[in-house]
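Reader: I would like to go through this structure with you. Please explain the terms as we use them.

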Amino acid sequence: MTITITAFERSPDGGKGLARDMRVRWALEEVGEPYDVRLLSFQAMKEPAHLALQPFGQIPTYEEGDLVLFESGAIVFHIAERRAGLLPDDPNARARAIAWMFAALNTVEPPIFDRTLVRILERDEPWYEKRLSALEVSIRRRLADLSRHLGDADWLDGAFSAGDLLMVTVLLRLKASSGILDEYPNLSAYVARGEARPAYKRAFDAQLAVFKAASAG
Ligand SMILES: N[C@@H](CCC(=O)N[C@@H](CS)C(=O)NCC(=O)O)C(=O)O
């Protein structure tokens with residue numbers, strides 16, 4: 001059954017692979033599943049046809065036969081559950097990998113994403129500097145704990161899993177917009193290991209090709 005995902009027609013990140021379709025593309029590449037992409041303008045994302053698939057008018061979505069999913073974490077989990085390669089077989093190791101998926105999206109991503117939003121939306125506000133530095137304190141606290149946990153290991157808990165996939169995509173946003181990640185050399189190396197995976201590269205190139213085509217057109 002053909003899988004179709006949605007993505008920005010023209011990603012605001014300029015092809016850096018920070019939009020959340022990237023994690024879905026990467027997961028599909030890791031498990032060797034082909035997929036189609038339906039590109040959407042900002043206007044189309046807010047129209048009834050897309051709102052019927054994604055109640056908040058966002059990308060990505062995932063369609064496979066009768067199934068329609070939204071939320072990138074839920075989509076990656078669905079892919080990981082049904083195909084080999086992203087979750088361990090051992091039940092306890094699998095539960096821990098799922099915990100890392102939640103940690104990436106629930107514990108590490110919020111201050112990182114808020115920092116991006118503040119830099120875009122609140123730059124001219126009187127509280128801007130204070131808010132930015134408070135968020136950077138929160139980010140460093142999370143990264144210090146994550147760095148201590150990772151230590152010298154390649155991945156968060158044994159073999160590469162969907163937990164690593166989501167964590168790397170979350171940390172990549174920092175790499176693109178600040179030097180904070182460089183303060184934690186083992187996390188920088190961790191992100192680089194993720195980026196070096198052939199499946200990551202295929203996913204990155206695919207989203208970049210969309211941006212280049214939109215820019216040329
Ligand atoms: N929690 C959602 C967030 C989705 C999200 O924020 N998507 C962004 C692109 S990365 C978007 O569509 N932004 C446009 C908007 O919110 O209007 C997920 O993980 O899928």
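Author: Let us start with a helix; keep in mind that the model is predicted. Helix H1 spans residues 21–31 and is mostly covered.

Reader: What makes H1 mostly covered?

Author: Eleven of its eleven residues are buried. Buried means under 20% relative accessible area. Charged residues are on the list too, among them Asp21, Arg23, Arg25, Glu29 and Glu30. Met22, Val24, Trp26, Ala27, Leu28 and Val31 are also on it.

Reader: What follows H1?

Author: Gly32, with a positive phi near 75°.

Reader: Which residue elsewhere has a positive phi although it is not a glycine?

Author: Glu71, at about 75°. Most residues other than glycine have a negative phi. Glu71 sits in the loop between strand E4 (67–70) and H4.

Reader: Why is Glu71 called partly exposed?

Author: Its relative accessible area is 42%. Buried needs under 20%, and exposed needs over 50%. The value for Glu71 falls in between, so Glu71 is partly exposed.

Reader: Why does Ser72 count as buried?

Author: Its relative accessibility is 4%. The cut-off is under 20%, so Ser72 is buried. Ser72 belongs to helix H4, residues 72–82.

Reader: How do you know that Ser72 has a polar contact with the ligand?

Author: A polar side-chain atom of Ser72 lies 2.6 Å from an oxygen atom of the ligand. The limit is 3.5 Å between N or O atoms, so this pair is a polar contact.

Reader: Which other residues have polar atoms paired with the ligand, and at what distances?

Author: Arg20 has an N or O side-chain atom 3.1 Å from a ligand oxygen atom. Ile59 uses a polar backbone atom, 2.8 Å from a ligand nitrogen atom. Both distances are within 3.5 Å, so both pairs are polar contacts.

Reader: How much of the ligand does the protein bury?

Author: Taken alone, the ligand exposes 510 Å², and the protein buries 79% of that. The space taken by the ligand is the largest pocket.

Reader: Which residues surround the ligand?

Author: Phe8, Ala19, Arg20, Phe42, Met45, Lys46, Gln58, Ile59, Pro60, Glu71 and Ser72. This shell divides into six nonpolar, two polar and three charged residues.

Reader: How far apart are the C-alpha atoms of Ser72 and Ile59?

Author: They are separated by 8.4 Å, with the residues 13 apart along the chain.

Reader: What kind of peptide bond joins Ile59 and Pro60?

Author: A cis bond, with omega about 5°. Most peptide bonds are trans. Pro60 is in the loop between helix H3 (48–51) and strand E3 (61–64).

Reader: Why does Arg83 count as buried?

Author: Its relative accessibility is 17%. That is under 20%, so Arg83 counts as buried. Arg83 lies in the loop between H4 and helix H5 (91–121).

Reader: What makes the pair of Arg83 and Glu33 a polar contact?

Author: Their side chains are 2.7 Å apart in this contact. The limit is 3.5 Å, so the pair qualifies.

Reader: Why is Arg173 called buried?

Author: Its relative accessible area is 13%. That is under 20%, so Arg173 is buried. Arg173 lies in helix H7, residues 162–177.

Reader: How far is its C-alpha atom from that of Gly17?

Author: The C-alpha atoms of Arg173 and Gly17 are separated by 8.9 Å, and the two residues are 156 apart along the chain.

Methods
Residues are numbered from 1 along each chain as its sequence is written. This is a predicted model: local features need pLDDT of at least 70, side-chain atom pairs count only at pLDDT 80 or more; totals for chains, interfaces and linings use all residues. Side-chain values use heavy atoms; hydrogens and water are left out. A residue is near a molecule or strand if one of its heavy atoms lies within 4 Å of it. A polar contact is a pair of N or O atoms within 3.5 Å; within protein, one must be able to donate a hydrogen and the other to accept it, and residues adjacent in sequence count only if both atoms are side-chain atoms. Accessible areas come from the Shrake-Rupley method with a 1.4 Å probe; for residues, only the protein chains shown count as cover. On a 1 Å grid over the protein atoms alone, a cavity is a set of points where a 1.4 Å probe fits but cannot get out, and a pocket is an open set with protein on both sides within 12 Å along at least five of seven lines; lining residues have an atom within 4 Å of a point. A molecule sits in a cavity or pocket if more than half of its atoms lie within 2 Å of its grid points. Buried means under 20% relative accessible area, exposed over 50%, partly exposed in between (1.4 Å probe, protein chains only). Helices (H or I, at least four residues) and strands (E, at least two) are DSSP runs, numbered from the N terminus.
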